[in-house]
Amino acid sequence: MRIRLVKNENTVSTVFLQTRLWADFKSQTGWTYSRYDVWLLDSEDSESSSGPFALTVMERGLGLGQSLAYIPHGPALMVEPQDRGALLLALAESLSDKVAASCMFIRFDPLWYVAEDPQASLVGEPVAQAVREIFRRPLKKGSDVQPPDSVVLDLSLSDDELLAGMKPKWRYNIKLAGKKGVSVASEGTAALDEFYALYEATAARDKIAIHPRSYYERLLGQTSRNSAEPSADIRLWIARHGGKALAAIITVYYGDEAIYLYGASGDEGRNLMPAYALQWAAIRAAREAGCVCYDFYGIPPVEDPSHAMAGLYRFKTGFGGQIRHYPGAWDYARKPVVYAAFRMAEQARLFWHKTVMKRLRR
């Protein structure tokens, strides 16, 4: 497979993590970026009639004179499964002389997925494992950056249809929150201090790491410098009872997609079901904003009571929707020897933080 890359800082992407807005936001946290129009070439090296797709490539230093290049949720181009490995390899080879000389490897995080079929014999872990074994050398499985499993809700449905697709307890909890006087509103940066206090409580309870307050403040205030791209509507929602903030979420509506990015809840008022009220309000608002799907953005690969995030799986899948498994991160090593040493250190670090430290905290 052959491709052609043309640098274009104002190229337009339909995927939020491939937008200039997101690239500008991440550039405030140590990343640099380049954006390209990408054409597939036919056998005569002429451009495909389907036109170009956008590609954002972000780079960051790793120390000791090394760096990485990262392509979040890209490439977004949908191609046949048998062509996907070839496309990643062609992109990697074309980018290899465009990234910094210090770049150790290029990490892809493509949006291709396999959806679970509840009627099929293989669901959960077998499906997740199969979709992550589709690429071969020189591409190597990397450490995942974006959640490789998610559940996505179809917003073409009416309220009644959406509610009918939920588990009965979820419908009950949404109605209960309303009866108990829980109110939900999109409040923006005015409620940032309350959101962050709730998020700190969540981090302490669930033993997770969070960014500093300034990260979320910048995110909520971020605006795009590319007028050709759809406007991104980033909202901070607060659920209150008697004026007290009980729970909060941050969502983004961009073009056809809505994404639930962050969620936080305090230790008080959990019996009032504010988390259910928040999601229901955000889902309905996403549909009103013209979105066609609502991505809950991250679940464990399978329903497993022993998983540290088993509660997250139950909560998000209880709203209905389609469970999707993505291939996760895949790496193309520009410096194979240095990369091999880096991957050993990266895997050891992840094991320490995600396994050993979590067990010690419990």
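**Exercise 1. Find which element gives the most residues to the lining of the second largest pocket.**

Let's start with the rules for a pocket: on a 1 Å grid over the protein atoms alone, it is an open set of points where a 1.4 Å probe fits, with protein on both sides within 12 Å along at least five of seven lines, and lining residues have an atom within 4 Å of a point. Strands are DSSP runs of E, at least two residues, and helices are runs of H or I, at least four, numbered from the N terminus.

Step 1: β3 (53–63), β8 (149–154), β12 and β13 (293–295) each give two or more residues to this lining.
Step 2: β8 comes out on top, with three residues.
Step 3: the whole lining has 37 residues, and T14, V15, L111, E257 and C293 lie nearest the centre.

This is a predicted model: local features need pLDDT of at least 70, side-chain atom pairs count only at pLDDT 80 or more, and totals for chains, interfaces and linings use all residues. Residues are numbered from 1 along each chain as its sequence is written, and side-chain values use heavy atoms, with hydrogens and water left out.

**Exercise 2. Work out where the buried residues of α6 sit around its axis.**

Step 1: list the buried ones (under 20% relative accessible area, 1.4 Å probe, protein chains only; exposed is over 50%, partly exposed in between). They are L192, F195, Y196, L198, Y199, T202 and A203.
Step 2: they cover an arc (taken from the directions from the helix axis to the C-beta atoms) of only 160 degrees, so they sit on the same side of α6.
Step 3: turn to the face away from that buried side, and you meet exposed D193 and A204.
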